[in-house]
Amino acid sequence: MIRLENVSKRYWMGDAQVVALEDVSLEVAKGEFIVVLGPSGSGKTTLLNIIGALDLPTDGQIIVNGGSLSLSQRADRFKFRRKTVSFIFQTFNLFPSLTAQENVQFVLDMANEPHAQQKAAQVLADVGLGDRVNHFPHQLSGGEQQRVAIARALATGNPVLLADEPTGELDFRTGIQILDLLQQQAAAGKTVLVVTHNREISRIADRVIELSCGRIVSDGAPRIGKATLSELQW
Ligand SMILES: Nc1ncnc2c1ncn2[C@@H]1O[C@H](COP(=O)(O)OP(=O)(O)OP(=O)(O)O)[C@@H](O)[C@H]1O
Ligand SMILES: [Mg+2]
């Protein structure tokens, strides 16, 4: 579905070069539940941003449906972002002056979806926030804000879900609820990539891609044994 070929991403900071990703090749198939694991600074967010066409590689290519997205027009990448991927950002990125309902409805309005209001209310109810729709982000707990961000990502029904540290700020119980929601999405046929530095979380994945210093150091089944959600602890 999405293929990265020899992708590198380098930044110049004055005279110094920062290598965020180095020669990364991988293929993401439809319906996979993938965890991207690695320490802080290993390139996880950079990788997610490139897969979601938020950012372009310095070298290498992203191939989607046989065509190169990295060589394509800006408008094609915009369409890919609108129609194919949904991001759950590391820092939520909710609009502070919009309520939970309005934050979700916004993306539906942007996509000219009919019945945006009812759809937004439904997806917020699905993530357990039916009684928080009129709250502004500052009136919600961290876990609730995270769930609004997830509701927003689910609202459009895009087939690829990219989640950057979706449980990073959360307590264990809320973290498990969020992972449950993401697992349900994968079970329903979506492609889900979850970025985390928490190795325990990688146990619920079909496939774990491990990054170190911008390189893939392993790619396969969880190394410490597959587990169900109820078996996880951290
Ligand atoms: N816009 C940028 N300009 C310069 N360097 C950058 C930029 N974005 C990322 N980097 C550097 O690239 C490396 C990888 O960053 P990235 O954000 O992908 O790491 P990460 O694995 O997501 O880390 P964390 O777990 O802390 O979120 C880091 O060393 C970072 O400092
Ligand atoms: Mg990051």
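This short presentation describes the metal site, the ligand shell and one exposed cysteine in a predicted model.

Some conventions come first. Residues are numbered from 1 along each chain as its sequence is written, while chains are lettered from A and ligands numbered from 1 in the order in which they are written. Because this is a predicted model, local features need pLDDT of at least 70 and side-chain atom pairs count only at pLDDT 80 or more, whereas totals for chains, interfaces and linings use all residues; side-chain values use heavy atoms, with hydrogens and water left out.

On confidence, the protein chain averages a pLDDT of 92, and 100% of the residues score at least 70; pLDDT is the predictor's confidence in each residue, from 0 to 100. Among the elements, strand 9 (residues 207–212) has the highest mean, 97, and strand 5 (residues 67–68) the lowest, 85. Helices (H or I, at least four residues) and strands (E, at least two) are DSSP runs, numbered from the N terminus.

I turn to the magnesium ion, ligand 2. Which protein atoms are its donors? They are OG1 of Thr45 and OE1 of Gln90, lying 2.0 to 2.7 Å from the ion. Donors here are N, O and S atoms within 2.8 Å of the metal (3.2 Å for Na, K and Ca); water is not among the atoms, so sites may look incomplete. The pair links distant parts of the chain: Thr45 belongs to helix 1 (residues 44–51), and Gln90, 45 residues apart from it, to the loop between strand 6 (85–88) and helix 3 (100–110). Thr45 counts as partly exposed because its relative accessibility is 29%, and Gln90, at 36%, also counts as partly exposed. In these terms, buried means under 20% relative accessible area, exposed over 50%, and partly exposed in between (1.4 Å probe, protein chains only).

Both donors also contact ligand 1. An oxygen atom of ligand 1 is 2.8 Å from a side-chain N or O atom of Thr45, and an oxygen atom of ligand 1 is 3.1 Å from one in Gln90. Taken alone, ligand 1 exposes 640 Å², of which the protein buries 65%; the areas come from the Shrake-Rupley method with a 1.4 Å probe. In total, 13 residues surround ligand 1, the closest being Ser40, Gly41, Lys44, Thr45 and Thr46, where a surrounding residue has a heavy atom within 4 Å. Helix 1 gives the most to this shell, with three residues.

Finally, Cys213 is found in the loop between strand 9 and strand 10 (215–220). Is Cys213 buried or exposed? Cys213 counts as exposed because its relative accessibility is 64%.

Note on methods. A polar contact is a pair of N or O atoms within 3.5 Å; within protein, one must be able to donate a hydrogen and the other to accept it, and residues adjacent in sequence count only if both atoms are side-chain atoms.
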